[in-house]
Amino acid sequence: MEVFEVDQPEHLLLVNEDEHGGFSGSEAKIEVKNLWRFSDKGVSILQNVSLDIPRGKIIGIIGPSGSGKSTLLRALNRLWEPASGTVFLDGKDITGLDVLQLRRKVGMLFQLPVLFEGTVADNIRYGPQLKGKKLSDQEVYKLLTFADLDSSFFNKHGNELSVGQAQRVALARTLANEPEVLLLDEPTSALDPISTQNIEDLMMKLKSSKGMTIVMVSHSIKQIQRIADVVCVLVGGEIVEVVNSDKLSEAKHPMATRFLQLSS
């Protein structure tokens, strides 16, 4: 088993833009076009978000609490239903795709993991089993190793795990589906520094060896600068900056500048 545009606002920078308006050397894996999201009370959560997510890159999303980061992430695999014509995967409108197949291709890891009943091995085997495939013990062990867990976790149950361990099991379970895109919502917030580094190393490995596209929300600007290729700054439901991670300090939008200053 192998585990593995519409007009932009004037303040929105395009990263490595080529003469055709795309990303140099990398076509978009996901396109977001004029995406809006309103609360039940009619308050806008996302405002006219347009963004190309390049294939095989790590995209970091940062911004103040309540700026819509997790909401944007959840639109990308229909954990909430975006309007038709606003989110595309490989050029196909995701609202026209089978939602289960979409979520196998676009896996998501939440900040607080939720494990199913049964053992760690049962959790990891769950997705492939839905497709009629049972992972061997060796394949499960490999996925555990990928997620920085050893073979002793194979028969453990969820109530025996710390939050950080459960988070890594959830990661292994997501990778078992062999996704093309990985959505991460604060994936290392419950991990110690060593485990955090190991997971960051895994993200880099998935990008380099599997060509995986990774979209990661994080409150840690330093973490995003360490592993992301491109950084999106989301403020008040709007993308106010899109910059290469090594140019983040050069962000020009006033709200982005203030957020970065206060976070550093």
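This text walks through two sheets, a pocket and one buried residue of a predicted model.

Start with the sheets. Strands of a sheet pair through backbone hydrogen bonds, and they do so either parallel or antiparallel. One open sheet here holds six strands, and its pairing is mixed. Read across, the order is S6-S7-S8-S3-S9-S10. S6 and strand S10 (238–244) are the edge strands, and each of them pairs on one side only. From one strand to the next, the twist averages 20 degrees.

Look inside this sheet at S3 and S8. Strand S3 covers residues 58–62, and strand S8 covers residues 213–217. The two run parallel, joined by four bridges. To find the register, take Ile59, which stands opposite Val215 in S8.

Now the other open sheet. Its four strands follow the order S2-S1-S4-S5, with antiparallel pairing. Strand S2 (44–54) and strand S5 (92–93) each have a single partner strand, so one side of each lacks a neighbour in the sheet. Strand S1 spans residues 28–38. Seven bridges tie S1 to S2, and these two strands run antiparallel. Here Leu35 stands opposite Val49 in S2.

Next comes the empty space. Rolling a probe the size of a water molecule over the atoms shows where such space is left. The largest pocket contains about 610 Å³. Its lining comprises 22 residues. Nearest the centre of the pocket lie Arg103, Met108, Phe116, Arg173 and Asn177.

Which elements build this lining? Helix H2 (99–105), strand S6 (106–109), helix H3 (120–130) and helix H5 (163–175) each supply at least two residues. S6 gives the most, with four residues. S6 is also an edge strand of the six-stranded sheet. By class, the lining has 14 nonpolar residues, five polar ones and three charged ones.

Finally, turn to Ile199. This residue sits in helix H6, which runs over residues 193–210. Is Ile199 buried or exposed? Its relative accessibility is 5%. Buried means under 20%, so Ile199 counts as buried.

What does Ile199 touch, leaving aside neighbours within four places in sequence? Its contacts are Ala147, Arg168, Leu171, Thr188 and Leu191. Thr188 is 11 residues from Ile199 along the chain. The C-alpha atoms of Thr188 and Ile199 are separated by 7.6 Å.

Notes:
Residues numbered from 1 in each chain as written. Predicted model: local features only at pLDDT ≥ 70, side-chain atom pairs only at ≥ 80, totals over all residues. Heavy atoms only, no water. 1 Å grid on protein atoms, 1.4 Å probe; cavity = no way out; pocket = protein on both sides within 12 Å on 5 of 7 lines; lining within 4 Å. Points joined across faces, edges and corners; volume = space filled by probe spheres on them. Nonpolar A, V, L, I, M, F, W, Y, C, P; charged D, E, K, R; others polar. Buried < 20%, exposed > 50% of the residue type's maximum accessible area, 1.4 Å probe, protein only. Contact = heavy atoms within 4.5 Å. Pairing = 2+ DSSP bridges. Axes fitted to C-alpha atoms, helices over the stretch in contact; angles between N-to-C directions.
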